[in-house]
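Work through the exercises below with the sequence and the model open. Each task is followed by a solution in steps.

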Amino acid sequence: MTELVPVFDGHNDTLLKLEIAARLGRPLTFAEPNPTLDIDLPGARKGGLVGGFFAMFTPSHLDRFDAAFDPDDPSNFDPIDQPAALNFTLAMFARMRRLARELPEDLAICEHARDVRSAIGRNRIAVVPHIEGAECIDTDLNALEVLHAAGLRSLGLVWSRSNAFGHGAPMEAQMQLDSGKGLTDAGFDLVRECDRLGVLVDLSHLTEAGFWDVASATNKPLIATHSNAHAVSPSARNLTDRQLSAVAESGGVVGLNFHVGFLRADCKQDRNTPIEQMVRHLDHMIGILGEGGVALGSDFDGCLLPREIGGVAGLTNLVAGMRDAGFGDALIDKICHKNWLAAIDKGVPTPAA
């Protein structure tokens, strides 16, 4: 039997799924096999998942949890008030803490790469807190201070909607990327404060204009936790070769998003998308970013997965696909975990012992 390759994943929405299910009175069990979840504990063990950025995202409507998300419904991209977003984010932080307390032999909340390595060495899944969309943060940045103290180490400035800090890229095909609007003044302040605190700034979901604004405002490596190559799939959520080059020049990392609509050349929602298409993105991005700049950012529990992946246990199929494409063991290790740990080392300084 082939030894599992450890995977540190750049993005999942499992906490959101757990929180929504609990609010609907249909709680999901993370510790046991659960077909409703892309990530459950047994599946994570089978797939080699050793950690990741666990996202906390606030949907536009907190009263529609029993309705399937419709990307064609513009109301699902409505702005949300900061107090409501903060309350929902705190609920997910609490759920994350309770989950780690209930499963102390299986999960560990981590704030630095040193913690991640320690957790992996003890066979715990390393949970690094991430917020997707900064709606929960006030423009005075008081909430940022508190959330950082609670363990926040990675922040996506926007989801695919506008907020007080910037604007999100639409989830549609754009052969010629619309640059859109960039950061607000408050957005520039937020980037600078994240740099000071040691919070990674995630470029995924930003407009192209916002991307370049962040690049001009930070001296840290540029990070996109779950974005693909626009040259391979012309979704507005993907990064152009020029953007990928800027990430490379900064020493940053881009995590491959598994969502079929961001993988395919036709951007269709088709689960029969082959793993070879995922490898095409990896190959293209490696050609620009180099072997140290490409990682995985699945978007488990927040996207439509290729059938051959299916869930976290299917990570082994992706690893097999990389091997079939001629990726060597050293490169696979970089893509699967080493590049993310290096990015955390650079962007979230470990305090002196």
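**Exercise 1.** Which residue in strand 4 is the bridge partner of phenylalanine 54?

Solution. The model is a predicted one.
Step 1. Locate strand 4 at residues 125–132.
Step 2. Strand 2, residues 49–57, pairs with strand 4 in the parallel sense over seven bridges.
Step 3. Within strand 4, the bridge partner of phenylalanine 54 is proline 129.

**Exercise 2.** Find the pairings of strand 4 with strand 3 and strand 5, and the helices that link these strands.

Solution.
Step 1. Strand 3 (residues 107–109) and strand 4 are parallel and share three bridges. Here isoleucine 109 stands opposite valine 127.
Step 2. Strand 5 (residues 154–156) also pairs with strand 4 in the parallel sense, over three bridges. In strand 5, serine 154 is the bridge partner of histidine 130.
Step 3. Helix 4 (residues 113–121) forms a right-handed β-α-β unit with strand 3 and strand 4. Helix 5 (residues 142–149) does so with strand 4 and strand 5, and this unit is right-handed too.

**Exercise 3.** Are the residues of strand 4 buried or exposed on its two sides?

Solution.
Step 1. Sort the residues by direction: Ile125, Val127, Pro129 and Ile131 point one way, and Ala126, Val128, His130 and Glu132 point the other way.
Step 2. Apply the cut-off for buried, which is under 20% relative accessible area.
Step 3. Both sets are buried, so the count for strand 4 is eight of eight residues.

**Exercise 4.** Describe the contact between helix 4 and helix 12.

Solution.
Step 1. Helix 12 spans residues 329–347, and its axis comes within 8 Å of the axis of helix 4, crossing at roughly 145°.
Step 2. From helix 4, Ala113, Val116 and Arg117 take part; they meet Leu341, Ile344 and Asp345 of helix 12.
Step 3. By class, the residues of this contact are four nonpolar, no polar and two charged.

**Exercise 5.** Which residues touch the most other members of the largest nonpolar core?

Solution.
Step 1. The largest nonpolar core holds 90 residues, and those with the most contacts to other members are Ile137, Leu157, Leu190 and Phe258. Helix 10 (residues 275–289) gives the most to this core, seven residues.
Step 2. Take leucine 190 as a case. Leaving out residues up to four places away in sequence, leucine 190 touches Ala134, Ile137, Leu141, Leu144, Leu155, Leu157 and Phe165.
Step 3. A second core, separate from this one, has 18 residues, among them Val116, Val253, Trp340 and Ala343. Val116 also appears in the contact of helix 4 with helix 12.

Conventions: Residues numbered from 1 in each chain as written. Predicted model: local features only at pLDDT ≥ 70, side-chain atom pairs only at ≥ 80, totals over all residues. Heavy atoms only, no water. Core = buried A, V, L, I, M, F, W, Y, C linked by side-chain atoms within 4.5 Å. Buried < 20%, exposed > 50% of the residue type's maximum accessible area, 1.4 Å probe, protein only. Helix = DSSP H or I, 4+ residues; strand = E, 2+ residues; numbered from the N terminus. Contact = heavy atoms within 4.5 Å. Pairing = 2+ DSSP bridges. Right-handed = clockwise from strand over helix to strand, strands pointing away. Axes fitted to C-alpha atoms, helices over the stretch in contact; angles between N-to-C directions. Nonpolar A, V, L, I, M, F, W, Y, C, P; charged D, E, K, R; others polar.
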